[in-house]
Amino acid sequence: APTTSRDVSGVKEFLERNVLFGNITFDSIVAGYVNATAGNTTAGDGNSTIGNVTLGDGNSTMGNITEDMTTFAELEAEDPRLVALDWILHKDAMQLEVYDDNLSQRYIMGLLAVAWDSESWDHCGAVVEDDAENMEETGSTLGNDSSTCTVTNNATGLVQIFQRWLSDADECDWYGVLCSGGFVRSIELAENNLIGEIVPELGMLPFLQIIDLSSNCIYGTLPSSLGRLSILNKLDLKDNGLSGYIPDELFNLTKLVKLNLSYNANGGDNCTRFDGTEEEIPISFGLEGMILDSNIGRLEYLQDIDVTDNYFSGSISPEIGKLKQLGRMVVDNNVFKSTVPDEITQLINLKELWLSMNYFTGGIPENIGALKSLESFSMWENEDLTGHIPDSLYDLTMLEDLHLFRNSFSGSISTQIGRLTKLKTLTLAENNFTGTLPTELGLCQDLEFLRIEMTDIEGSAPKEVCDLTEKNLFSDDRDKEYFKADCLEDNVTMVAFFVCDCCSSCCDHDTNVCTILNRQ
C-alpha cells in the first residue's frame with residue numbers, strides 16, 4: 001500500500017515531464033549513476049562511458065516522445081500509459097519517489113508489460129488478479145510465490161526460476177531482462193505470445209543493447225523513437241505483424257550488429273489472450289520503405305540483416321559496399337527493383353547472400369568471385385535477371401548452395417563448375433541455359449539436390465553425375481525430387497529432350513508437365 005508521506009502527484013508530474021514528454025538527458029542518467037557509485041564514472045563531458053559504452057554528447061536531450069505532447073489527463077482510461085501510471089503509483093510495492101534513480105525505467109518497463117498484455121504471455125507475465133486471489137485462498141504457489149515463475153530450457157532441459165513482470169522484484173530481475181549498473185541493457189522475449197504494439201517509450205531506455213521480440217503478436221508501426229537507442233546492437237522483430245514505413249531514424253542505430261525484420265507480412269493471424277479469447281492481428285503486407293538506400297551505409301558495424309517477406313522497395317545502394325563486416329544479407333520476397341551494384345562484391349565477409357523473389361534486373365555482378373567466403377547464394381525468381389554466369393562465380397570454392405532458377409539467364413554451364421566441390425544444392429531450372437551438363441559436375445561429391453528442368457540444356461546425364469545418386473544425390477523419400485530434368489518422353493516422338501537414366505523426376509520440355517519417377 002502507498003505510504004502516507006509519498007509525493008504521488010510529484011511522481012506523476014515527474015513521469016509526465018521526463019517520460020511522456022521525453023525530457024530525459026544523458027547527463028541526468030549518468031549523474032544518477034555517479035551518485036550511486038560514489039563518483040566512479042565521469043559524467044557530462046560527452047565522452048563518459050558506462051559499462052564500456054560511449055554515450056556521446058552528454059548534453060543532448062532525448063526530445064519529446066509524443067508528437068502532440070499528450071498529458072496523462074488527456075489519455076483514454078484504457079491507454080497503457082495510464083494503466084502503467086496507476087500501477088506504479090498505487091500497486092507497485094516499491095513505491096518509488098521522485099528522487100529514486102530508476103523511477104522512469106521502472107515505469108517504462110511496467111508500461112511494456114501492460115502494452116504487450118503480459119497476463120497472456122506464455123512465460124512469466126503478470127499474474128492475472130483472479131489467479132492470484134485463488135492462489136492465496138488455496139495456499140498454492142507458482143514457483144516460490146506468485147511473483148516467481150519456472151521456465152524449462154528446451155535446449156538443456158534445465159528448469160529455471162525467474163521473477164514475473166510487474167512483480168515486487170527489481171525490474172532487472174524480471175524474466176528476459178538483463179541489466180548492468182542498474183540500467184536495462186537487454187529485453188529478450190521471443191516466442192512468448194506478446195500481444196500489442198511497440199510503444200514509443202521503448203526508445204526511452206537509452207542503454208538498451210539488445211531487443212528481441214521475435215515470433216510474437218506484435219503489430220502496428222515502428223516508432224521513430226527507436227532511433228534514440230544509440231548503442232543498440234541487436235534488433236530482432238521477425239515473425240510478427242508489423243506494417244507501415246520504417247522511420248528514417250532507424251538509421252541512427254549506427255552500432256547495430258544484427259537487424260532482423262523478416263516475416264512481418266501476415267494474413268491476419270490469431271493470438272490467444274489469457275481468458276481464451278482470440279485477437280486477430282490486422283492483415284499486413286509487412287514493413288515498407290527503402291531500407292537499402294544510401295542510408296544503409298551508416299550501419300557500418302552490421303553483420304547480419306534479414307528483411308525477408310515484407311514490402312520493402314527501391315534499390316540496393318552502392319553504399320552497401322561500406323558494410324565490411326556483413327556476413328549475412330537476406331532480402332527475399334520484397335519488391336526491390338534495381339540492378340545488383342558491383343559494390344556488393346566488396347563485402348568479402350559475406351557467407352550468405354539471398355536476393356530471391358524480387359524484381360532485380362541486369363545480371364550477376366561480374367566480380368562475384370571476390371566473395372571468397374560465400375557459402376549460400378540465391379537469386380531465384382527475379383524474372384528480369386539476364387546474361388550468363390560469370391566465370392568468376394566458379395572461384396566461390398566455399399559455395400554449398402546456388403539457387404538461380406526461374407530467371408532469364410542464358411549461356412552454357414562451364415566445365416569449371418567442378419571446382420565447386422562443396423556444392424550441395426544447384427538449381428538452374430526455368431532459365432534459358434543451353435549446351436550440355438558438364439561431366440565435371442561429378443566432382444561435386446556432396447551434391448544432394450539438382451534441378452535443370454525447363455531449360456535448353458540437352459544431351460544426356462553424364463555417368464559421372466549419375467554416379468552421384470549412389471552417394472549424396474539420393475533420397476529415401478519417394479516424393480523427393482532430388483534430380484529433376486527435361487527427361488520425359490514426348491508423346492509424339494517418344495524422344496526425351498534430355499536423356500537421364502538416374503533422374504528422380506522428369507518434365508516434358510514443351511508442355512512443362514512433370515512426373516516423379518521414384519527410381520530407387
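Student: What makes the approach of the T455 side chain to the backbone oxygen of I452 a polar contact?

Tutor: A polar contact is a pair of N or O atoms within 3.5 Å, where, within protein, one atom must be able to donate a hydrogen and the other to accept it, and where residues adjacent in sequence count only if both atoms are side-chain atoms. The side chain of T455 reaches the backbone oxygen of I452 at 2.8 Å, so the distance falls within the limit of 3.5 Å. A polar atom of the T455 side chain also lies 3.2 Å from the backbone nitrogen of I457. This is a predicted model, in which local features need pLDDT of at least 70 and side-chain atom pairs count only at pLDDT 80 or more, while totals for chains, interfaces and linings use all residues. Residues are numbered from 1 along each chain as its sequence is written, and side-chain values use heavy atoms, with hydrogens and water left out.

Student: Why is T455 called buried?

Tutor: Buried means under 20% relative accessible area, exposed means over 50%, and partly exposed is in between, using a 1.4 Å probe and protein chains only. T455 has a relative accessible area of 1%, and therefore it counts as buried. T455 is placed in the loop between β28 (449-451) and β29 (459-460), where helices (H or I, at least four residues) and strands (E, at least two) are DSSP runs numbered from the N terminus. Leaving out residues up to four places away in sequence, T455 touches L428, A429, E430, N431, F433, D486, F497 and H509, a contact being heavy atoms within 4.5 Å.

Student: How do you know that the length of helix α1 agrees with its number of residues?

Tutor: The expected span of a helix is 1.5 Å times one less than its number of residues. Helix α1 (residues 8-20) has 13 residues and should span 18 Å, and its end C-alpha atoms are 17 Å apart, which agrees. Its buried residues, among them F14, L15 and V19, pack against α3 and α4 (103-115).

Student: What makes R81 a buried residue, and which residues does it contact?

Tutor: The relative accessible area of R81 is 14%, so this residue is classed as buried. R81 lies in helix α3 (residues 80-91), and, neighbours within four places aside, it is in contact with L20, F72, L75, Y107, L111, V199, P200 and E201. At the N-terminal end of α3, D79 acts as a cap, with a side-chain oxygen 2.8 Å from the backbone nitrogen of R81.

Student: How do you know that β3 and β4 are paired, and in which direction do they run?

Tutor: Two strands pair if DSSP finds at least two bridges between them. Five bridges join β3 (residues 148-152) to β4 (residues 159-163), so the strands pair, and they run antiparallel. One of the residues in β4, I161, is the bridge partner of T150.

Student: Why are F162 and Y175 called an edge-to-face pair?

Tutor: Rings of Phe, Tyr and Trp (its six-membered ring) pair if their centres lie within 6.5 Å, and planes under 30 degrees apart count as stacked, over 60 as edge-to-face and the rest as tilted. A search of the whole structure finds 10 aromatic pairs. In the pair of F162 and Y175, the centres are 5.0 Å apart and the planes are at 80°, so the pair counts as edge-to-face. F162 counts as partly exposed at 21% relative accessibility, whereas Y175, with 14%, is buried.
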